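This report walks through selected local features of one protein chain. Keep the sequence and the 3D view open while reading.

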Amino acid sequence: PSVPRHTNRLINEKSPYLLQHAHNPVDWYPWGQEAFDKAKIENKLIFLSVGYSTCHWCHVMEEESFKNKEIGEIMNEHFVCIKVDREERPDVDKVYMTFVQATSGGGGWPMSVWLTPDLKPFAGGTYFPPEDGVHRVGFRTVLLRIAEQWKENKDALLESSQRILEALRHTSEIRVQGQESPPPPKEVMDTCFQQLSRSYDEDYGGFSKSPKFPTPVNLNFLFTYWSLHQTTPEGARALQMALHTLKMMAHGGIHDHIGQGFHRYSTDQHWHVPHFEKMLYDQGQLAATYSRAFQISGDEFFADVVRDILLYVSRDLSDQVGGFYSAEDADSYPTTTSREKREGAFCVWAAEELRALLPDPVEGATEGTTLGDVFMHHYGVEEAGNVDPMKDPHQELKGKNVLIARCSPGLTAARFGLEPGRLSALLQECRQRLSSARAQRPRPHLDTKMLAAWNGLMISGFAQAGAALAEQGYVSRAAQAAAFLRTHLFNPDSGRLLRSCYRGKDNSVEQRRVAVPIQGFLEDYVFVIQALFDLYEASLEQGWLEWALHLQHMQDKLFWDPKGSAYFSTEAGDPSLLLRLKDDQDGAEPTPNSVTVTNLLRAACYSGHMDWVEKAGKILAAFSERLRKIPITLPEMVRATAVFHHTLKQVIICGDPQGEDTKEMLHCVRSVFSPNKVLMVADGDCAGFLYRQLPFLSSLERKDGKATAYICSNFTCSLPVTSVQELHGMLRP
């Protein structure tokens, strides 16, 4: 590599995204006091650019504008330029994205916002092309116009920014109105189901035409709705919608059939051509959702998809010390000699390439059939490529194929005169060959930042899969990651979580070089607490439970809104954040207030602290209007509304955790999908953490010396059960 011509302050950062911009001719600053002071002293506007390292359009804007020397000079002359990694600083991203969405009707990344020296936004957008076009004004023009406005109409801009800020404060406030109570669960559940049902794609699954996102929150809601309406047509439809969507996704090109795992979203209705980056948060949530599909259906297809996801994460997104990396990029070099990256280059195939890799004749098949014939037929490969040009605006995928399972195994087997079992083995051999060939290609960029929140989601994925599939190795991997969090993303002196850490040299784990570590946000606490509850239920290690309850107390202290109820996304006291917000939409990830309702109910069951149940009710009351009118925006909170009103069952098993009778009962509990239960084992250790939290456990005994189950509600327990069959029946909602 040549010696870079420019180096700016971002060279001292740890974020892979910020480091990508360290050699731009732009005089970038990280978000912080040095940049704020410069803007005030020099009376300059701030240009804020927010993105993330695997963002395709962020790369495009960098290539076109931020690497352009002339545009860099305009930026440096007129603005203090700040770069933010939205994954490191979701707080900063959320404040200014709220502004961009409110003023432009849309949002996305890269996000481009212009601020006054006191950080108030007055203009913004997303991606800008470098020069003026027929339909869009260019970035150079926007920069010069805004600089001129600041010079000529400074007072008007300042006044406008103040008005905008006041309007945002007013419109973004979420609080309990008067004596508002949690909304009625039946009404909210039914409305959410009807809204999802109307937007459902009957042919291909999912809940829009295009683009299509996995949205596990919708599928998890449908599973809960089914469990409460199993004997009704609506319940049957809810289950069919969820399972069909999961099958179509797994067959589609959004699923990496060669390298495992799922891409971020599909650009088309058919789950075929994806946006190729792979995000940790998707893998974690989808592993949990496919595990639930297996619990409900018993179909090994779903269990195989779970194993596929966890293989990908274990191999490609795992740090040697135990944490999980954030993402893999969509763009990569097609060959080792290529000068330009292309989206999807690592994942797509030309037909002749496949024929060359799979030339072997297939014994017992129709005469003249090769492995390539079978594989290409099954995965929809076409000689001229199978990507619709309308979904490939930059012609990056021309002549290439995105693999999609076009036929059922039975149809493909029949087409070539093969036994279905033989076909499965042949396709597996083909996939292994292609995997070896793909390993010779340049890999996409790997974002080795490790985030507490996303690690929490992935720990839940491993823990829930381990419990549902009875795979102890997955539970051990979850425990290894939780230990990583406790070592590297938790400060035992303050009792607080940190947001992020980074892979350093020689596989070490490092913190930021030039600034204090970023403290954890609400989402970090919520997703880690959820993970620790899931990990306790899968491993029965009470230390995870104890840490979860400690973190819940800390979350209450840092983020609870005592006036309006619910939790703020950020803690108080940061003068650079103009708004303290509460997220109000479940998206690619569920909003923290949605997940924390169930966390609080679980925490109360494990501790006896009933004030946590009261807090859960206050959150639902604060969001009551939105839950009644447009519950489809908060499916995870709607699901939690049902859990709140139906009361969690405490499933308590008295027995030796190593005894076969106890293991049989545990397997029974873990194999059943029951969204309103918590599991605990009373092993007779009266000095243990659970017994200290819940003294009533000491009154529960084994019956006839056998492992015995009790189903308790509000700490009032059923008659003892020693039969696995009887326990299975009691677990059904």
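A charge counts as sitting over a ring if NZ of Lys or CZ of Arg is within 6 Å of the ring centre and within 35 degrees of the ring normal. The charged end of Arg415 sits over the ring of Phe416, 5.0 Å from the ring centre. Arg9 does likewise with Tyr29, its charged end 3.9 Å from the centre of that ring. Bear in mind that this is a predicted model.

**The annotated domain**

UniProt, in an unreviewed entry, places the feature "domain: Spermatogenesis-associated protein 20-like TRX" at residues 7-168. Over that stretch the chain is 49% helix and 17% strand. The C-alpha atoms at its two ends are 37 Å apart.

**Aromatic pairs**

How many aromatic pairs does the structure hold? The count is 31. One of them joins Trp31 and Phe36, with ring centres 4.9 Å apart. Their planes meet at 75°, so the pair is edge-to-face; the cut-off for that class is over 60 degrees. Trp31 is buried, at 10% relative accessible area. Phe36 is buried too, at 8%.

Trp57 and Tyr127 make another pair, with ring centres 5.1 Å apart. Here the planes stand at 55°, so the pair is tilted. This contact links distant parts of the chain, 70 residues apart. Trp57 belongs to helix α3 (residues 56-66). Tyr127 sits in the loop between β5 (121-125) and α6 (139-152). Are the two partners buried or partly exposed? Trp57 is partly exposed, at 33% relative accessibility. Tyr127 is buried, at 14%.

There is also an aromatic cluster. Its members are Trp28, Phe47, Phe66, Trp114, Phe128 and Phe139.

**Backbone details**

Two cis peptide bonds come next. The one from Trp109 to Pro110 has omega near 5°. Pro110 lies in the loop between α5 (90-104) and β4 (111-115). The other joins Ser210 and Pro211, with omega about -10°. Pro211 is found in the loop between α8 (185-199) and α9 (216-228).

Positive phi values also turn up in residues other than glycine, among them Trp271 and Phe715. The table sets out both.

| Residue | Phi | Loop between | Relative accessible area |
|---|---|---|---|
| Trp271 | near 60° | β6 (265-266) and β7 (274-275) | 0%, buried |
| Phe715 | near 70° | β20 (708-713) and β21 (716-717) | 26%, partly exposed |

Trp271 is buried because its relative accessible area is 0%, and the cut-off for buried is under 20%. Phe715 is partly exposed at 26%.

**A three-stranded sheet**

Strands of a sheet pair through backbone hydrogen bonds, either parallel or antiparallel. Which strands form the open sheet of three, and in what order? The order is β13-β16-β17, and the pairing is antiparallel. β13 (449-451) and β17 (509-510) stand at the edges. Each has a single partner strand, so one side of each is left without a neighbour in the sheet.

Now look at where β13 meets β16 (residues 500-503). Three bridges join these antiparallel strands. Lys449 has Tyr502 in β16 as its bridge partner.

Terms used
Residues are numbered from 1 along each chain as its sequence is written. This is a predicted model: local features need pLDDT of at least 70, side-chain atom pairs count only at pLDDT 80 or more; totals for chains, interfaces and linings use all residues. Side-chain values use heavy atoms; hydrogens and water are left out. UniProt positions are given in the numbering used here, feature names are shortened, and annotations may be inferred rather than shown by experiment. Helices (H or I, at least four residues) and strands (E, at least two) are DSSP runs, numbered from the N terminus. Rings of Phe, Tyr and Trp (its six-membered ring) pair if their centres lie within 6.5 Å; planes under 30 degrees apart count as stacked, over 60 as edge-to-face and the rest as tilted. Buried means under 20% relative accessible area, exposed over 50%, partly exposed in between (1.4 Å probe, protein chains only). Two strands pair if DSSP finds at least two bridges between them.
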